[in-house]
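Please open the model in your viewer and keep the sequence panel beside it. The stops below go from one selection to the next, with a short account of what is found at each.

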Amino acid sequence: MKKTSLIFKNIKLTSSNSRREINNYKGFTLIELLAVIVILAIIALIAVPFIMNIIDKAKKSAFEDSAYGILKASELYYADNLLNDNNQASDLSFYGPSFDGLEVKGDKPSSGVVSVKESGQIALILTSDKWIAYKKLGDRNISMEAKTDEKVEEIEAMVGLSVSNLYKDASGANIPILKDGMIPIYFEGNTAKKADIKGKWYDYNNREWANAVLVTNATRDTYKNAAK
(Lines give C-alpha, C1' and ligand atoms only; values in the text may rest on other atoms or scores of the structure.)
Protein backbone atom coordinates (compact mmCIF):
# COMPACT_ATOMS: atom_id res chain seq x y z
CA MET A 1 0.00 0.00 0.00
CA LYS A 2 2.78 2.43 0.87
CA LYS A 3 4.45 1.70 -2.40
CA THR A 4 1.20 2.28 -4.28
CA SER A 5 0.53 5.55 -2.44
CA LEU A 6 4.02 6.73 -3.18
CA ILE A 7 3.52 6.07 -6.85
CA PHE A 8 0.31 8.08 -6.99
CA LYS A 9 1.93 10.84 -4.99
CA ASN A 10 4.81 11.00 -7.44
CA ILE A 11 2.39 11.08 -10.33
CA LYS A 12 0.50 13.96 -8.84
CA LEU A 13 3.68 15.78 -8.12
CA THR A 14 4.85 15.28 -11.67
CA SER A 15 1.55 16.49 -13.14
CA SER A 16 1.64 19.53 -10.91
CA ASN A 17 5.17 20.36 -12.05
CA SER A 18 4.16 19.96 -15.70
CA ARG A 19 1.26 22.36 -15.31
CA ARG A 20 3.54 24.78 -13.52
CA GLU A 21 6.10 24.53 -16.35
CA ILE A 22 3.42 25.04 -19.00
CA ASN A 23 2.14 28.10 -17.22
CA ASN A 24 5.64 29.53 -17.22
CA TYR A 25 5.67 29.61 -21.10
CA LYS A 26 3.95 32.71 -22.47
CA GLY A 27 2.96 33.23 -26.15
CA PHE A 28 2.13 36.34 -28.18
CA THR A 29 -1.29 37.83 -27.93
CA LEU A 30 -3.26 38.66 -31.07
CA ILE A 31 -2.67 42.38 -30.51
CA GLU A 32 1.09 41.83 -30.27
CA LEU A 33 1.08 39.82 -33.51
CA LEU A 34 -0.92 42.53 -35.28
CA ALA A 35 1.52 45.16 -34.02
CA VAL A 36 4.46 43.20 -35.47
CA ILE A 37 2.68 42.82 -38.83
CA VAL A 38 1.94 46.56 -38.96
CA ILE A 39 5.59 47.40 -38.19
CA LEU A 40 6.82 45.02 -40.92
CA ALA A 41 4.36 46.54 -43.41
CA ILE A 42 5.63 50.04 -42.62
CA ILE A 43 9.24 48.91 -43.10
CA ALA A 44 8.29 47.31 -46.45
CA LEU A 45 6.55 50.51 -47.61
CA ILE A 46 9.71 52.46 -46.87
CA ALA A 47 12.25 49.93 -48.13
CA VAL A 48 10.64 48.66 -51.38
CA PRO A 49 10.60 52.03 -53.23
CA PHE A 50 14.18 52.64 -52.11
CA ILE A 51 15.29 49.24 -53.42
CA MET A 52 13.36 49.68 -56.69
CA ASN A 53 15.02 53.08 -57.16
CA ILE A 54 18.45 51.47 -56.77
CA ILE A 55 17.51 48.80 -59.34
CA ASP A 56 16.23 51.44 -61.81
CA LYS A 57 19.44 53.47 -61.43
CA ALA A 58 21.52 50.35 -62.06
CA LYS A 59 19.50 49.54 -65.22
CA LYS A 60 19.82 53.13 -66.44
CA SER A 61 23.57 53.07 -65.88
CA ALA A 62 23.92 49.73 -67.70
CA PHE A 63 21.89 51.05 -70.66
CA GLU A 64 24.00 54.21 -70.79
CA ASP A 65 27.16 52.06 -70.86
CA SER A 66 25.65 50.08 -73.75
CA ALA A 67 24.90 53.32 -75.62
CA TYR A 68 28.49 54.51 -75.25
CA GLY A 69 29.64 51.07 -76.41
CA ILE A 70 27.63 51.53 -79.61
CA LEU A 71 29.07 55.03 -80.06
CA LYS A 72 32.63 53.77 -79.56
CA ALA A 73 32.06 50.95 -82.06
CA SER A 74 30.77 53.47 -84.61
CA GLU A 75 33.82 55.69 -84.15
CA LEU A 76 36.12 52.67 -84.55
CA TYR A 77 34.25 51.64 -87.70
CA TYR A 78 34.88 55.04 -89.28
CA ALA A 79 38.53 55.17 -88.11
CA ASP A 80 39.15 51.65 -89.45
CA ASN A 81 37.88 52.71 -92.87
CA LEU A 82 40.26 55.67 -92.88
CA LEU A 83 43.25 53.56 -91.82
CA ASN A 84 42.54 51.03 -94.56
CA ASP A 85 42.05 53.75 -97.19
CA ASN A 86 38.43 52.70 -97.59
CA ASN A 87 37.03 56.19 -97.79
CA GLN A 88 33.38 56.13 -96.80
CA ALA A 89 31.56 57.31 -99.90
CA SER A 90 28.19 57.94 -98.25
CA ASP A 91 26.31 57.98 -94.99
CA LEU A 92 25.68 54.59 -93.40
CA SER A 93 23.01 53.43 -90.95
CA PHE A 94 23.15 50.51 -88.54
CA TYR A 95 20.03 49.09 -86.93
CA GLY A 96 19.46 47.25 -83.66
CA PRO A 97 19.24 44.90 -82.07
CA SER A 98 22.12 43.30 -84.02
CA PHE A 99 23.91 46.46 -85.27
CA ASP A 100 25.58 44.33 -87.95
CA GLY A 101 28.81 45.87 -89.22
CA LEU A 102 29.75 47.32 -85.82
CA GLU A 103 32.05 45.44 -83.47
CA VAL A 104 30.17 46.08 -80.26
CA LYS A 105 31.64 44.90 -76.97
CA GLY A 106 29.23 44.18 -74.14
CA ASP A 107 25.46 44.21 -74.16
CA LYS A 108 23.54 45.76 -77.04
CA PRO A 109 20.40 47.91 -76.72
CA SER A 110 17.17 46.17 -77.65
CA SER A 111 16.54 48.58 -80.54
CA GLY A 112 17.92 51.67 -82.16
CA VAL A 113 19.62 53.22 -85.15
CA VAL A 114 23.08 54.73 -85.66
CA SER A 115 23.96 57.05 -88.52
CA VAL A 116 27.65 57.43 -89.45
CA LYS A 117 28.08 60.36 -91.78
CA GLU A 118 30.64 60.56 -94.57
CA SER A 119 32.31 63.34 -92.58
CA GLY A 120 32.70 61.07 -89.54
CA GLN A 121 29.96 62.69 -87.47
CA ILE A 122 27.66 60.29 -85.67
CA ALA A 123 24.04 60.53 -84.61
CA LEU A 124 22.11 57.84 -82.79
CA ILE A 125 18.90 56.94 -81.03
CA LEU A 126 18.81 53.84 -78.82
CA THR A 127 15.92 52.59 -76.72
CA SER A 128 15.24 50.18 -73.86
CA ASP A 129 11.97 49.43 -72.11
CA LYS A 130 12.28 52.53 -69.89
CA TRP A 131 14.98 54.76 -71.38
CA ILE A 132 15.98 56.44 -74.60
CA ALA A 133 19.55 57.49 -75.35
CA TYR A 134 20.34 59.89 -78.15
CA LYS A 135 23.12 61.94 -79.69
CA LYS A 136 22.71 64.68 -82.27
CA LEU A 137 25.29 65.46 -84.91
CA GLY A 138 27.92 67.67 -83.32
CA ASP A 139 27.16 66.57 -79.74
CA ARG A 140 30.05 65.06 -77.82
CA ASN A 141 28.04 63.20 -75.19
CA ILE A 142 24.98 60.97 -75.15
CA SER A 143 21.82 62.29 -73.49
CA MET A 144 19.30 60.16 -71.60
CA GLU A 145 15.55 60.60 -71.18
CA ALA A 146 12.73 58.55 -69.69
CA LYS A 147 10.99 56.75 -72.55
CA THR A 148 7.49 57.75 -73.58
CA ASP A 149 5.87 57.70 -77.03
CA GLU A 150 5.78 61.51 -77.04
CA LYS A 151 9.45 61.77 -76.03
CA VAL A 152 10.50 59.28 -78.73
CA GLU A 153 8.73 61.33 -81.42
CA GLU A 154 10.28 64.55 -80.08
CA ILE A 155 13.79 63.09 -80.11
CA GLU A 156 13.32 61.53 -83.55
CA ALA A 157 12.44 64.97 -84.94
CA MET A 158 15.37 66.58 -83.12
CA VAL A 159 18.01 64.00 -84.14
CA GLY A 160 16.63 63.30 -87.62
CA LEU A 161 16.45 59.51 -87.20
CA SER A 162 13.55 57.13 -86.71
CA VAL A 163 13.37 54.10 -84.44
CA SER A 164 9.61 53.75 -84.06
CA ASN A 165 7.46 51.44 -86.16
CA LEU A 166 10.23 50.30 -88.53
CA TYR A 167 9.04 47.23 -90.41
CA LYS A 168 10.77 43.96 -89.55
CA ASP A 169 9.63 40.69 -91.09
CA ALA A 170 9.19 37.43 -89.18
CA SER A 171 12.32 35.75 -90.57
CA GLY A 172 14.56 37.11 -87.82
CA ALA A 173 16.91 38.66 -90.39
CA ASN A 174 18.33 42.11 -89.81
CA ILE A 175 16.59 45.20 -91.13
CA PRO A 176 18.14 46.04 -94.54
CA ILE A 177 20.70 48.85 -94.39
CA LEU A 178 20.01 51.82 -96.65
CA LYS A 179 22.92 54.05 -97.54
CA ASP A 180 22.45 57.76 -98.02
CA GLY A 181 20.67 58.43 -101.30
CA MET A 182 19.17 54.95 -101.51
CA ILE A 183 15.41 54.67 -101.84
CA PRO A 184 13.55 51.47 -100.85
CA ILE A 185 11.32 50.26 -103.65
CA TYR A 186 8.90 47.52 -104.57
CA PHE A 187 7.75 46.46 -108.03
CA GLU A 188 4.33 46.51 -109.60
CA GLY A 189 5.02 44.58 -112.76
CA ASN A 190 8.05 46.30 -114.23
CA THR A 191 7.38 49.59 -112.48
CA ALA A 192 9.46 50.51 -109.43
CA LYS A 193 7.62 52.41 -106.71
CA LYS A 194 8.89 53.88 -103.49
CA ALA A 195 8.30 51.64 -100.46
CA ASP A 196 7.46 52.79 -96.96
CA ILE A 197 10.02 51.24 -94.56
CA LYS A 198 7.43 51.51 -91.77
CA GLY A 199 5.20 49.19 -93.78
CA LYS A 200 5.87 45.83 -95.39
CA TRP A 201 8.51 46.18 -98.10
CA TYR A 202 10.20 42.76 -97.87
CA ASP A 203 9.40 39.28 -96.55
CA TYR A 204 12.32 36.87 -96.61
CA ASN A 205 10.20 33.92 -95.48
CA ASN A 206 8.19 34.25 -98.70
CA ARG A 207 11.24 35.16 -100.82
CA GLU A 208 10.15 38.75 -101.27
CA TRP A 209 13.51 40.47 -101.22
CA ALA A 210 14.27 44.02 -100.11
CA ASN A 211 15.02 46.27 -103.09
CA ALA A 212 16.49 49.76 -103.26
CA VAL A 213 17.87 52.13 -105.86
CA LEU A 214 20.63 54.69 -105.51
CA VAL A 215 19.40 57.95 -107.00
CA THR A 216 22.13 60.06 -108.58
CA ASN A 217 22.03 62.90 -111.07
CA ALA A 218 22.57 60.38 -113.87
CA THR A 219 19.77 58.07 -112.77
CA ARG A 220 17.32 60.60 -111.32
CA ASP A 221 15.07 60.60 -114.39
CA THR A 222 15.12 56.81 -114.57
CA TYR A 223 13.97 56.42 -110.96
CA LYS A 224 11.77 59.49 -110.84
CA ASN A 225 8.73 57.37 -110.06
CA ALA A 226 10.49 55.66 -107.18
CA ALA A 227 11.31 59.00 -105.60
CA LYS A 228 7.68 60.11 -105.42
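Is Lys-193 buried or partly exposed? Select Lys-193 in this predicted model, and the answer is that this residue is partly exposed, with a relative accessible area of 32%. Then add Glu-188 to the selection, since the side chains of Lys-193 and Glu-188 meet in a salt bridge, with 3.1 Å from N to O. Glu-188 also counts as partly exposed, at 42% relative accessibility.

Before the next stop, zoom out to the whole chain and colour by secondary structure. The protein has three helices and eight strands, and a reading along the sequence gives the pattern α-α-β-β-β-β-β-α-β-β-β. Of the 228 residues in the protein, 29% are buried. Its accessible surface comes to about 15800 Å², and carbon and sulfur atoms account for 55% of that surface. If contacts are drawn between residues at least 6 apart in sequence, 51% of them join residues at least 24 apart.

Return now to the charged pairs. Side chains of opposite charge can pair when their charged atoms come close. Five salt bridges are found in a search of the whole structure, and one of them is formed by Asp-56 and Lys-130, whose side chains meet at 3.2 Å from N to O. Asp-56 belongs to helix α2 (residues 30–83), whereas Lys-130 sits in the loop between β3 (122–127) and β4 (131–135), so this pair ties together parts that are 74 residues apart in sequence. Both ends can be followed on a surface display: Asp-56 is partly exposed with a relative accessible area of 26%, and Lys-130 is partly exposed at 41%.

Select Lys-151 and Glu-154 next, and compare a pair that lies within one helix. The closest N and O atoms of this salt bridge are 3.5 Å apart. Glu-154 and Lys-151 are three residues apart in helix α3 (residues 149–159), and therefore about one helical turn separates them. Glu-154 is partly exposed, at 45% relative accessibility.

For the last of the charged groups, select Lys-200, Asp-203 and Glu-208 together, as these three residues are linked in a network of salt bridges.

Staying with this part of the sequence, centre the view on Arg-207, which is found in the loop between β7 (191–194) and β8 (211–214). Most residues other than glycine have a negative phi. In Arg-207, however, phi is near 60°, a positive value in a residue other than glycine. Arg-207 is exposed, with a relative accessible area of 64%.

Turn next to an interior position by selecting Ser-115, which has its place in strand β2 (residues 111–116). With a relative accessible area of 3%, Ser-115 is buried. Leaving aside residues up to four places away in sequence, Ser-115 touches Leu-92, Ser-93, Gln-121, Ile-122, Ala-123 and Leu-161, and displaying these side chains shows what surrounds the serine.

The final stop is the second largest pocket, which has a volume of about 190 Å³. To bring up its lining, select Gly-69, Lys-72, Ala-73, Leu-76, Tyr-77, Asp-80, Gly-101, Glu-103 and Lys-105. How do the residues of this lining divide by character, and how many of them are charged? Four are charged, while three are nonpolar and two are polar.

Notes. Residues are numbered from 1 along each chain as its sequence is written. This is a predicted model: local features need pLDDT of at least 70, side-chain atom pairs count only at pLDDT 80 or more; totals for chains, interfaces and linings use all residues. Side-chain values use heavy atoms; hydrogens and water are left out. A salt bridge is a side-chain nitrogen of Lys or Arg within 4 Å of a carboxyl oxygen of Asp or Glu. Helices (H or I, at least four residues) and strands (E, at least two) are DSSP runs, numbered from the N terminus. Buried means under 20% relative accessible area, exposed over 50%, partly exposed in between (1.4 Å probe, protein chains only). Contact means heavy atoms within 4.5 Å. Accessible areas come from the Shrake-Rupley method with a 1.4 Å probe; for residues, only the protein chains shown count as cover. On a 1 Å grid over the protein atoms alone, a cavity is a set of points where a 1.4 Å probe fits but cannot get out, and a pocket is an open set with protein on both sides within 12 Å along at least five of seven lines; lining residues have an atom within 4 Å of a point. Grid points are joined across faces, edges and corners, and a volume is the space filled by probe spheres set on the points. Ala, Val, Leu, Ile, Met, Phe, Trp, Tyr, Cys and Pro count as nonpolar, Asp, Glu, Lys and Arg as charged, and the others, Gly among them, as polar.
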